[in-house]
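Here are a few exercises on sheets and the helices that go with them. Keep the viewer open and try each task before reading its solution.

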Amino acid sequence: MCGIIGYIGKKSASPILLEGLRRLEYRGYDSAGVAISREGAITVRKKTGKIDEGIARLLKAEPAEGALGIAHTRWATHGVPCDENSHPHLDASGKIAVVHNGVIENYDILKQRLIKAGHKFLSSTDTEVLAHLIGEHYARRAGGSEALTLAVCDALREVIGTYGLAVICTDFPGTIVSARRGSPLIIGIGQDENFVTSDANAIVAHTKKVVYLNDYDVATITADRFDVSNLGADTASVQISHLEFSQEDSARGKHAHFMLKEIYEQPQTILNALRGRLDFEGATAKFGGLNMTPAELRSIDRIVIAASGTSWHAALVGEYLIEELAQLPVEVEFAHEFCYRNCPLEKNTVLLVLSQSGETADTLAALREARRRGHRGLAIVNVVGSTIARESDGGIYMHAGPEIGVASTKAFVSTITILTLLAVHLGRMRMLSAKRALEILRALEALPKQIEGILSQNNQLKKLAKKYAQADDFFFLGRGYTFPIALEGALKLKEISYIHAEGYSAAEMKHGPIALIDAQTPTVFLVPQDSMYDKTMANLAMIRARKGPIIAVATEGDKAIKKVADDVIYLPAALESIYPILACVPLQLFAYHIAVARGCDVDKPRNLAKSVTVE
């Protein structure tokens with residue numbers, strides 16, 4: 001989604017802002033811009049297109065000098081991608097510049113009022129309306145050291161919607177005013193310099209000391225201090241945190257793309273998810289952050305898991321795991337649907353939300369809705385200090401490190417690993433035997449080396465991808481534990497290669513979709529030697545009979561599969577409940593190599609954003 005970076009200090013702001021914009025590229029954007037304040041004037045440079053081809057080239061031709069500035073990457077909501085709609089936006093006087101993430105829902109009403117008052121607008125964005133509104137309130141203020149902050153507060157009290165924003169004014173040459181509601185914003189604390197950003201990746205090269213702003217916080221930032229107030233309270237809660245990752249962690253390294261790097265990081269990702277959580281002596285898993293006693297955990301009668309996108313597929317795997325191992329009813333909800341329908345939640349129901357970023361707007365809304373109704377909300381997130389992490393009653397961190405590629409890979413694997421541990425933990429409080437639990441824990445412990453073995457098939461998968469790269473349609477089929485992986489495999493291919501792909505239960509094909517099978521439509525069949533093997537093979541035969549090309553993902557040693565599949569990818573033998581983690585890895589590589597073969601921008605697929613912070 002859109003990205004913000006602001007700087008105030010003694011250095012030249014322009015190169016710092018440009019570097020920050022590059023580190024925000026992975027979030028998805030269509031344009032970028034900067035506003036630099038110096039000697040009573042604000043210089044704005046903004047351009048559609050990629051940063052190096054647009055704003056960076058523009059700044060080289062027309063430099064903007066100054067030690068105070070704000071910058072933005074825009075992902076269009078109101079108004080088409082064009083230079084005029086790019087951020088930053090100025091108020092009517094030209095003294096105030098604003099960058100903004102989020103959506104101002106009542107912008108049209110505010111805009112009509114401002115037009116009647118004589119304001120003229122150069123764009124079709126809601127953000128320019130916000131800039132003019134701040135300017136109008138600022139003009140009414142009779143000066144003073146807090147005039148800009150107070151004007152921002154006055155404007156935000158009229159606003160309906162979400163925002164993360166940064167504001168500068170020529171009358172305050174050493175100040176940035178920032179505010180958030182529903183869109184993440186972070187203050188970076190440096191030495192004689194400070195930063196504001198929507199994503200810690202943008203500032204990790206400069207500082208590791210940060211403050212995560214809460215909803216309705218308004219921060220006034222100078223080079224040597226920051227003050228935070230809250231629109232809805234007399235005082236604001238401020239806590240200084242330290243970033244867990246380094247600049248090197250968020251670098252691409254030797255790999256051609258971040259996505260490929262993150263696929264190869266998955267053995268380490270699993271080790272990070274397991275570290276300190278395997279209790280072989282007690283035949284269970286340990287968690288330090290659930291904030292629930294054993295008695296409270298045993299009292300749970302039902303779990304609702306809310307998530308979106310790839311996390312929703314992980315939730316489906318979690319449903320299988322928890323219901324089988326813990327004998328607890330689980331319901332998986334799209335987070336955006338949970339908020340807008342009257343989902344019945346019994347007394348002992350717990351909501352579990354899944355989010356890599358911890359900022360997904362609809363997932364955060366689901367968490368807030370459940371807690372508003374008096375239910376406990378737990379979370380599995382990757383980003384320490386994120387809003388979901390801070391607002392949940394308890395949770396589990398992935399510790400997967402920065403995930404830069406828009407198409408999630410290592411966070412997906414980490415989430416399923418943690419859900420497996422959670423299922424064992426809950427199961428041991430109910431009916432799960434120590435023997436079965438130990439078997440699962442040992443299988444989890446073996447995963448990193450098994451995945452390294454799958455990654456060693458990369459060249460084979462690359463050849464396979466080239467063979468099928470020109471297909472227009474794909475089916476991905478699985479049953480039981482591998483059904484959600486079929487959905488995830490299809491999503492990965494769609495996201496980065498733009499090939500139409502559908503994931504189905506293999507048994508569901510005969511109820512309609514099989515009509516689309518022909519010699520030009522490949523099917524990726526997940527056929528591990530599990531309890532569903534014979535039935536899945538029967539489903540596979542139906543595709544074969546209709547001359548559909550078949551790529552099978554099967555278990556090592558399965559000789560029968562070679563007779564019915566055109567191509568075979570082998571996985572090591574594993575427990576049925578562990579197969580989802582193993583099976584997703586070759587599908588990630590397959591999608592990646594197809595996208596590369598088709599010349600797609602793997603890390604920044606069109607129309608997509610890494611973290612969806614608007615509904």
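**Exercise 1.** In this predicted model, what is the strand order of the open sheet of six strands, and which pairing does it have?

*Solution.* Start with the order, which reads β5-β6-β7-β8-β12-β13, and note that the pairing is antiparallel. Next, look for strands that pair on one side only: these are the edge strands, β5 (89–90) and β13 (226–230). Now step inside the sheet, where β6 (residues 96–101) joins β7 (residues 163–169) through six bridges in the antiparallel sense. As a register check, find alanine 97 and look across to isoleucine 168 in β7, which stands opposite.

**Exercise 2.** Which strands of that sheet does helix α4 touch, and which does helix α5 touch?

*Solution.* Take α4 (residues 126–140) to begin with: this helix packs on the sheet against β5, β6, β7 and β8 (172–181). Its direction makes about 135 degrees with that of β6. Then turn to α5 (residues 147–156), which packs against β6, β7, β8 and β12 (217–221). The angle between the directions of α5 and β7 is about 145 degrees.

**Exercise 3.** Trace the open sheet of eight strands and place helix α1 on it.

*Solution.* The antiparallel order is β3-β2-β4-β1-β10-β9-β11-β14. At its edges lie β3 (41–48) and β14 (240–242), and the twist averages 20 degrees from one strand to the next. Within the sheet, β9 (residues 186–189) pairs with β11 (residues 209–212) over three bridges, and isoleucine 187 stands opposite valine 211. Finally, α1 (residues 13–23) lies across β1, β2, β4 and β10, at about 25 degrees to β4.

How values were computed: Residues are numbered from 1 along each chain as its sequence is written. This is a predicted model: local features need pLDDT of at least 70, side-chain atom pairs count only at pLDDT 80 or more; totals for chains, interfaces and linings use all residues. Side-chain values use heavy atoms; hydrogens and water are left out. Two strands pair if DSSP finds at least two bridges between them. Helices (H or I, at least four residues) and strands (E, at least two) are DSSP runs, numbered from the N terminus. Contact means heavy atoms within 4.5 Å. Axes are lines fitted to C-alpha atoms, for helices over the stretch in contact, and angles run from 0 to 180 degrees between N-to-C directions.
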